[in-house]
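Please open the model in your viewer and keep the selection tool at hand. The tour proceeds from one helix to the core around it.

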Amino acid sequence: TGNGYSAEWPVEAKKRGLSNLNTTPLAVATFNSEKAKKLFADMGIFSAEECDARAEVMFENYATTLSVEVETLIDMIETGILPACAKDMAKYSAMPALAGERSATYTSIKTETDKLKGLFDKKPHDLKAEATYLCDTIKPQMVAIRALVDKAEGLLEAGLYPYPTYEELIYSHHS
């Protein structure tokens, strides 16, 4: 059907012999391929050097944007989420059996955030390699942390969550 967002599309694209460039690093690398450079040059659109320059800018933009997102995520967790989790856990000190999954969830947030920091410190310095590393290694780690923080949001006492919830963002105009 051509719906690039459906689960069926990658299978259909493969049947049609079409590329499914579902990440920025894949798309930029394809834009800057020898085949694309030749096409652009033959049509008088870009020279090979202009393709290289544009690809460099695209990789740099992607890497910069993702790096800001990583640093923001770490900052939000360390200055907002983890302190809220600690306050919430303290409320269960007299009755730890009532804490449920809190301890494991909150500890996992800290562990996975530390893992993200370690992975981020190891990012390559070549732009194309950095973009690919951020996409293939860092983003999945961010998704894992996001799932834990979403779980914590449901466990934390309502007044402790340091950021607006999705519900508050979506429905705040009704209050």
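Which residues in H5 are buried, that is, under 20% relative accessible area with a 1.4 Å probe and protein chains only? Select Arg102, Thr105, Tyr106, Ile109, Thr113, Leu116, Leu119 and Phe120: these are the buried residues of H5. They lie on the same side of H5 because they cover an arc of only 145° around the axis, the arc being that of the directions from the helix axis to the C-beta atoms.

This is a predicted model, in which local features need pLDDT of at least 70 and side-chain atom pairs pLDDT 80 or more, whereas totals for chains, interfaces and linings use all residues. Residues are numbered from 1 along each chain as its sequence is written, and side-chain values use heavy atoms, without hydrogens and water.

Next, select Ala104 and Asp121, which are exposed on the other side of H5 (over 50% relative accessible area). Then display helix H4 (48-90) and helix H6 (127-155), against which the buried residues of H5 pack. Helices here are DSSP runs of H or I with at least four residues, numbered from the N terminus.

Now select Val70, Ile77, Ile81, Ile109, Leu116, Ile138 and Val149, the residues with the most contacts inside the largest nonpolar core, which has 33 residues. Such a core is a set of buried Ala, Val, Leu, Ile, Met, Phe, Trp, Tyr and Cys residues joined through side-chain atoms within 4.5 Å. H4, H5 and H6 each supply at least two residues of this core, and H4 gives the most, with 13 residues.

Finally, select Phe31, Ala36, Phe40 and Cys51, which are among the 5 residues of a second, separate core.

Notes:
Contact means heavy atoms within 4.5 Å.
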